[in-house]
Amino acid sequence: MFMRLVQVKVRRESVDKLRAAYDMEIIPELAKVRGCKFATLVQSIHQPTECISLTLWENAEAVDEYVRKGTYTYLLEGVQSYLAYATEWKVKLSADQTMEYVPITEEPTVKAYQVAHLPETSPISVSPGALYVRILSMRIQPGKMSEFLETYISKILPVLRTTKGCRYSYLSESANDDDETISLTIWDSKETADEYEASGTFDLLVRNVKHLLSGLYQWKMSLGRGGSQTAVTSDDLSVQGYRVVTGRSFM
């Protein structure tokens with residue numbers, strides 16, 4: 001499975017319009033795209049004009065086909081008017097040789113991840129106001145990825161499988177950065193994820209791989225209504241929290 005994150009900056013007055021467009025236009029189109037399994041739009045808690053589209057795919061080839069056929073560009077163009085302008089300006093001469101200042105719309109930041117381990121076979125079910133997503137992002141020391149993957153599968157995954165409320169777990173390697181990986185877990189509720197952290201289990205699991213990490217932080221996102229809280233697991237980075245404003249599973 002393949003995970004794709006597209007980050008955009010939105011005009012402050014257009015956040016609700018983007019949500020509506022994602023719900024009414026983008027999700028129905030993605031539902032028809034071969035290989036797309038899940039799509040959700042999340043909004044930053046601390047910077048409401050920052051949003052991320054998170055999609056899960058059957059494989060990297062399906063994503064390549066989606067981009068190659070122009071569907072991604074078509075969907076992006078459909079919401080382009082809602083996106084914020086960059087602070088950079090381009091100057092050009094018009095036909096009558098007068099100068100025009102044309103604002104440049106910022107290109108979305110796209111990150112892609114290959115899911116390295118996917119034990120679950122049941123589809124993701126989106127329960128508004130209940131299901132909770134926790135994303136742990138880690139930068140691995142150069143040359144230590146293989147050791148990290150072996151440790152995660154042998155020591156961390158078995159614990160997650162038996163942890164109360166943990167419904168799905170995905171381990172993904174960045175397609176753009178050889179040293180980056182993320183662990184995405186989906187929980188029955190925010191409360192069960194909080195219980196997992198409060199119990200000390202998370203800290204114990206991190207100790208298994210701490211010597212392999214060069215940095216560590218996590219995102220927490222709530223699938224459904226309401227906000228989410230940010231939790232920083234090291235002093236290295238500050239983390240933004242996100243809430244899901246809409247989403248649908250196609251599995």
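This report describes the fold, the strands around β3, the cavities and a few single residues of one predicted model.

## Overall make-up

The chain has 251 residues, and 47% of them are buried. Its secondary structure comprises six helices and 11 strands. Among contacts with a separation of 6 or more, 69% join residues 24 or more positions apart.

## β3 and its partners

Strand β3 spans residues 50-57. Eight of its eight residues are buried. In a regular strand, side chains alternate between the two faces of the sheet. Here, Glu50, Ile52, Leu54 and Leu56 point one way. Cys51, Ser53, Thr55 and Trp57 point the other way. Both sets are buried.

Which strands pair with β3? β1 does, antiparallel, over eight bridges. β2 also runs antiparallel to β3, joined by seven bridges. β1 covers residues 2-9, and β2 covers residues 36-44.

Specific positions fix the register. On the β1 side, glutamine 7 stands opposite isoleucine 52 of β3. On the β2 side, threonine 40 faces leucine 54 of β3, and leucine 41 stands opposite serine 53. β2 is mostly covered too, with eight of its nine residues buried.

## Cavities

The structure holds four cavities of 30 Å³ or more. The table sets out the two largest.

| Cavity | Volume | Lining residues | Lining by class |
|---|---|---|---|
| Largest | about 260 Å³ | 17 residues | 14 nonpolar, two polar, one charged |
| Second largest | about 130 Å³ | 14 residues | 11 nonpolar, two polar, one charged |

Start with the largest cavity. Val6, Tyr22, Ile26, Ser53 and Tyr72 lie nearest its centre. Four elements each supply at least two residues of its lining: β1 (2-9), α1 (15-32), β3 (50-57) and α3 (71-78). Helix α1 gives the largest share, four residues. Ser53 ties this cavity to the β3 pairing: the residue lies among those nearest the cavity centre and stands opposite leucine 41 of β2.

The second largest cavity has a volume of about 130 Å³. Closest to its centre are Leu136, Ile156, Ser183, Tyr196 and Phe202. Two or more lining residues come from each of β7 (132-140), α4 (145-162), β9 (180-187) and α6 (201-209).

## Helix α2 and its ends

Helix α2 runs over residues 60-68. Its buried residues are Ala60, Ala62, Val63, Glu65 and Tyr66. An α-helix has 3.6 residues a turn, so residues three or four places apart point the same way.

What caps the N-terminal end of α2? Asparagine 59 does. One of its side-chain oxygens lies 3.2 Å from the backbone nitrogen of glutamate 61. Beyond the other end, just after α2, glycine 70 takes a positive phi of about 90 degrees.

## Three single residues

Threonine 151 sits in helix α4. Is threonine 151 buried or exposed? Its relative accessible area is 12%, so it counts as buried, the cut-off being under 20%. Neighbours within four places in sequence aside, threonine 151 is in contact with Ile156, Asn208, Val209 and Leu212. Ile156 is also one of the residues closest to the centre of the second largest cavity.

Tyrosine 170 belongs to strand β8, residues 166-174. Its relative accessible area is 2%, so tyrosine 170 is buried. Its C-alpha atom is separated by 8.1 Å from that of isoleucine 182. Those two residues are 12 residues apart along the chain.

Arginine 248 lies in strand β11, residues 242-249. Why does arginine 248 count as partly exposed? Its relative accessibility is 36%, and the partly exposed class lies between 20% and 50%. The C-alpha atoms of arginine 248 and leucine 30 are separated by 9.8 Å. Along the chain, these two residues are 218 residues apart.

Definitions and conventions. Residues numbered from 1 in each chain as written. Predicted model: local features only at pLDDT ≥ 70, side-chain atom pairs only at ≥ 80, totals over all residues. Heavy atoms only, no water. Buried < 20%, exposed > 50% of the residue type's maximum accessible area, 1.4 Å probe, protein only. Polar contact = N/O pair within 3.5 Å; in protein donor to acceptor, adjacent residues only side chain to side chain. 1 Å grid on protein atoms, 1.4 Å probe; cavity = no way out; pocket = protein on both sides within 12 Å on 5 of 7 lines; lining within 4 Å. Points joined across faces, edges and corners; volume = space filled by probe spheres on them. Nonpolar A, V, L, I, M, F, W, Y, C, P; charged D, E, K, R; others polar. Pairing = 2+ DSSP bridges. Contact = heavy atoms within 4.5 Å.
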